[in-house]
Amino acid sequence: MTTDTANATERCGFIAVLGAPNAGKSTLVNRVVGTKVSIVSPKVQTTRARVMGIAVHGRAQLVFIDTPGIFEPRRRLDRAMVAAAWGGAGDADVSLLLIDAERGIDRDTRAIIERMKTESKRAHLVLNKVDKIKKPQLLELATQLNEEGIFDEIFMVSALNGDGVDDLVAFLAGHMPEGPWHFPEDQVSDMTERLLAAEITREKLYLQLRQELPYATTVETETWEEFENGSVKIEQVIFVERDSQKSIILGKGGQQIKTIGAEARKDLEEILDRRVHLFLFVKVREKWGDDPDRYRDWGLDFDA
Ligand code: GDP
Ligand code: MG
């Protein structure tokens, strides 16, 4: 038996995960949920929509809202992502500000802190990537950030290897509002399988392709057919903006897209726990970045 009184009553709450691009927000959410619900890459702005990852600790249900990194918006898509990120904070019971401890307080993080101050918002500070830096440097950063006066608790974690994450989750579980759970106990995300499948392919594009190209792509699941033997056939289209981008994605003799497809299929089989037949097509659709329907699919506001 545990002496943890937090476990005595049913609790449920929303936790917004804020932070600069690449701070490790999606990695943290995936870790607490225990499966991939949000895609991760070393490139910035991988997360486009607001993704919910749902975890259970004792009798508390924790609904993490993984947000696109907050940064200075230029394109329409950027503006919609920033709006989604702040919207996520507005809806939440608790906010976490995640900082890459190795990078420290960069411009994006500074901008978030200033906006929080202006709006009189508070958060718990999560210093992430502690596996990459030395203790004294970490403590100095913690002291410096503490002086901002907007953080209640400070956690030091590695979302990658899990250090400190259990303590963070236990703390949050004890601080959720009392009340019934919002989701069935086995639900891990608010994303449909079709959308998650498209996101997985987009993650592989980010991992395989160089530089700016992935930002010019979007992926849609067109068909989803389940068979009696338990396997599923998934057809997806990768949309690009120009013909030249199409040939890069296909690669020499179709080698590039074959690799992307193989990587995506491997992940999907693990996540869906069944055999997957994945078929990828590449199509040119000019200006998809200005198409309201794409925004709706991601739950983003076109007019943000
Ligand atoms: P997001 O943009 O904030 O969602 O960041 P991601 O979760 O996509 O992570 C960005 C990069 O940082 C990826 O390459 C992750 O593998 C890496 N990363 C995330 N957390 C950690 C950590 O705790 N330690 C290390 N070394 N790398 C991490
Ligand atoms: Mg992310």
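Me: A polar contact is a pair of N or O atoms within 3.5 Å; within protein, one atom must be able to donate a hydrogen and the other to accept it, and residues adjacent in sequence count only if both atoms are side-chain atoms. What makes leucine 160 a partner of ligand 1?

Reply: A backbone N or O atom of leucine 160 lies 3.1 Å from an oxygen atom of ligand 1; because this is within 3.5 Å, the pair is a polar contact. The model is predicted, with local features needing pLDDT of at least 70 and side-chain atom pairs pLDDT 80 or more, while totals for chains, interfaces and linings use all residues. Residues are numbered from 1 along each chain as its sequence is written, chains are lettered from A and ligands numbered from 1 in the order written, and side-chain values use heavy atoms, without hydrogens and water.

Me: How do you know that aspartate 131 and alanine 159 also make polar contacts with ligand 1?

Reply: A side-chain N or O atom of aspartate 131 is 2.7 Å from a nitrogen atom of the ligand, and a polar backbone atom of alanine 159 is 3.0 Å from a ligand oxygen. Both pairs therefore meet the definition. The protein covers 88% of the 580 Å² of accessible area (Shrake-Rupley method, 1.4 Å probe) that ligand 1 has on its own.

Me: Which residues come nearest to ligand 1?

Reply: Of the 18 residues around ligand 1 (a heavy atom within 4 Å), Asn22, Gly24, Lys25, Thr27 and Asp131 come nearest. Helix α1 (residues 25-33) gives the most to this shell, with 3 residues. Helices (H or I, at least four residues) and strands (E, at least two) are DSSP runs, numbered from the N terminus.

Me: Why are β2 and β6 called edge strands?

Reply: Strands pair if DSSP finds at least two bridges between them. The open sheet of 6 strands has the order β2-β3-β1-β4-β5-β6, with mixed pairing. Strands β2 (51-57) and β6 (151-156) each pair on one side only, so they are edges.

Me: How do you know that β2 and β3 pair?

Reply: Strand β2 and strand β3 (residues 60-66) share 7 bridges in the antiparallel sense, which satisfies the requirement of at least two, so they pair. Histidine 57 stands opposite alanine 60 in β3.

Me: What makes β8 and β9 a pair?

Reply: Strand β8 (residues 232-240) runs parallel to β9 and is joined to it by 9 bridges; at least two are needed, so the strands pair. Glutamate 235 stands opposite phenylalanine 279 in β9. Helix α8 (residues 255-272) packs on this sheet, touching β7, β8 and β9. Contact here means heavy atoms within 4.5 Å.

Me: How are two packed helices described?

Reply: They are described by the angle between their axes and the distance between the axes. The axes of helix α7 (residues 243-250) and α8 come within 5 Å and cross at roughly 65°. Axes are lines fitted to C-alpha atoms, for helices over the stretch in contact, and angles run from 0 to 180 degrees between N-to-C directions. Ile248, Ile249 and Leu250 of α7 meet Gln255, Gln256 and Ile257 of α8.

Me: How many residues of the contact of α7 with α8 are nonpolar, polar and charged?

Reply: The contact has 4 nonpolar, 2 polar and no charged residues. Ala, Val, Leu, Ile, Met, Phe, Trp, Tyr, Cys and Pro count as nonpolar, Asp, Glu, Lys and Arg as charged, and the others, Gly among them, as polar.
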